[in-house]
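Subject: Structure for you to look at

Dear colleague,

I am passing on the structure we spoke about, and below it you will find my notes on what turned up when I went through it. Please read them with the model open beside you.

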Amino acid sequence: MTQAPHHAPILGDGRELRRLVSGDVPPLEHGVPGWVGDDGVHAFAIDDADAFAGLVALRLPEHRDGAGQLAWQLRPGSRGRGLAAAALRAVIAHGFTHLGLRRVEAYVARTNRSALRTAAQAGLRTEGVLREFRDGADAIVLGRLASDPEPGTRDAFTAWLNTSLPTKRTIAQALVRDESGRLLVCELVYKKPWDLPGGVVDPMESPASAVVRELHEELGVTARVHSLAAVSWLPAWRGWDDATLFLFEVTVPAEQLSAIQLEAREIRAVHWCDLSELAEHAADYTVRAAERALAALDAGAGTVYLEDGRPPSW
């Protein structure tokens with residue numbers, strides 16, 4: 001390895017981390033990347049009561065705008081006391097302050113919960129998943145920028161939660177009726193079942209805003225949301241993960257409905273259907289949700305909660 005720089009990573013108690021040079025990297029458990037012992041890699045020992053407990057390594061990027069890559073591991077007897085997290089924080093600070101890095105990243109097995117906790121304590125955020133990254137196992141991509149808030153602060157904790165908590169797909173659709181009570185239904189280009197107008201809610205967008213946007217984009221109309229008719233949880237279906245559907249009662253000016261402008265890439269045609277006609281062409285969960293939502297609207301019952309278009313069986 002190259003000679004240690006003048007500066008060394010400093011732990012929270014003021015101690016310098018000990019730099020490991022070529023040939024001094026002790027064998028650890030399976031799972032440490034092979035590059036840890038390469039020349040040019042900055043590897044540092046994690047000591048526990050003057051005994052070698054593990055290491056943290058930082059591989060510098062080949063290009064100026066690249067990311068430094070991190071790897072770490074503790075021997076079993078030294079785990080659970082925050083040693084790895086402290087060393088990792090020190091090495092990251094060293095990379096930003098003395099090695100000129102603007103970003104560091106790590107790849108951690110999806111099932112390695114202890115390593116994911118260590119990464120979070122060092123300010124690394126979840127950024128994505130690499131499928132079958134190593135030995136057929138998925139890896140979580142974690143990253144931290146030099147401009148990110150310091151670990152241990154409220155801003156850092158909030159940012160970590162935002163990238164780590166589960167997310168769920170949200171769909172917003174419209175119940176648009178004509179004078180005879182028939183529903184406006186879309187015949188789609190990309191799937192056989194007809195569907196209610198609407199679509200997937202974008203990040204940072206409300207469901208109500210999404211349904212107005214979708215009707216404008218796909219049908220060229222200006223919609224007005226009157227009420228939330230139903231919320232239906234949709235279980236996993238044909239390869240799709242579960243989702244939450246918001247069904248809104250929506251009105252559109254009559255003159256616009258008579259001059260709909262279809263988004264040809266998505267909508268083949270529109271139709272006015274009663275519930276029996278809808279059942280002939282739409283997916284069963286769409287029919288169930290629409291039927292119960294319309295019944296609640298007509299009865300003045302307010303918003304109805306459904307699961308897969310049915311009342312929940314609690």
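Helices and strands here are DSSP runs, of at least four residues for a helix and at least two for a strand, and they are numbered from the N terminus. In that numbering, Tyr305 lies in strand 14. Please keep in mind throughout that this is a predicted model.

I begin with Tyr305, since it is a convenient place to start looking at the surface. Together with Trp233 and Trp314, Tyr305 makes a nonpolar surface patch of about 410 Å², and at 36% relative accessibility Tyr305 itself counts as partly exposed.

Turning to the interior, nonpolar side chains tend to be buried together in soluble globular proteins. The largest nonpolar core in this model has 27 residues, of which Leu70, Trp72, Leu88, Ile92, Val104 and Leu124 touch the most other members. Two or more residues each are given to this core by strands 2, 3, 4, 5 and 7 and by helices 1 and 2, and the largest share, seven residues, comes from helix 1 (83–97). If you would like one residue to centre your view on, I suggest Leu88, which, leaving aside its neighbours within four places in sequence, is in contact with Val56, Leu70, Trp72, Thr118, Ala119, Ala122 and Leu124. There is also a second, separate core of 23 residues, which includes Ile171, Trp194, Leu196 and Ala243.

Helix 2 (113–121) is one of the elements that contribute to the largest core, and its buried residues are Ala115, Thr118 and Ala119. These three cover an arc of only 100° around the axis, which puts them on the same side of helix 2. The buried residues of helix 2 pack against strand 4, helix 1, strand 5 and strand 7, and just after the helix Gly123 takes a positive phi of about 90°.

The charged side chains are the other topic. A search of the whole structure finds 20 salt bridges, and I describe a few of them here. Asp202 and Arg213 meet through their side chains at 3.6 Å, N to O; Asp202 lies in the loop between strand 10 (198–200) and helix 4 (207–219), and Arg213 in helix 4, so the pair ties together parts that are eleven residues apart in sequence. Of these two partners, Asp202 is partly exposed, with a relative accessible area of 40%, whereas Arg213 is buried, at 19%.

Which residues does Arg288 pair with? One partner is Asp284, at 3.5 Å, N to O, and the two are four residues apart in helix 7 (residues 284–299), which means that about one helical turn separates them. The other is Asp308, whose closest N and O atoms with Arg288 are 3.2 Å apart. Asp308 lies in the segment after strand 14 (304–307) and Arg288 in helix 7, so this pair ties together parts that are 20 residues apart in sequence. Both Asp308 and Arg288 are buried, Arg288 having a relative accessible area of 13%, while Asp284, at 49% relative accessibility, counts as partly exposed.

Finally, salt bridges that share partners join Asp202, Glu205, Arg213, Glu214 and Glu217 into one network.

With best wishes

Terms used. Residues are numbered from 1 along each chain as its sequence is written. This is a predicted model: local features need pLDDT of at least 70, side-chain atom pairs count only at pLDDT 80 or more; totals for chains, interfaces and linings use all residues. Side-chain values use heavy atoms; hydrogens and water are left out. A nonpolar core is a set of buried Ala, Val, Leu, Ile, Met, Phe, Trp, Tyr and Cys residues joined through side-chain atoms within 4.5 Å. Buried means under 20% relative accessible area, exposed over 50%, partly exposed in between (1.4 Å probe, protein chains only). Contact means heavy atoms within 4.5 Å. Patches are made of residues with over 30% relative accessible area and no salt bridge: like charges are joined within 9 Å, nonpolar side chains (Val, Leu, Ile, Met, Phe, Trp, Tyr) within 5 Å. Accessible areas come from the Shrake-Rupley method with a 1.4 Å probe; for residues, only the protein chains shown count as cover. The arc is that of the directions from the helix axis to the C-beta atoms.
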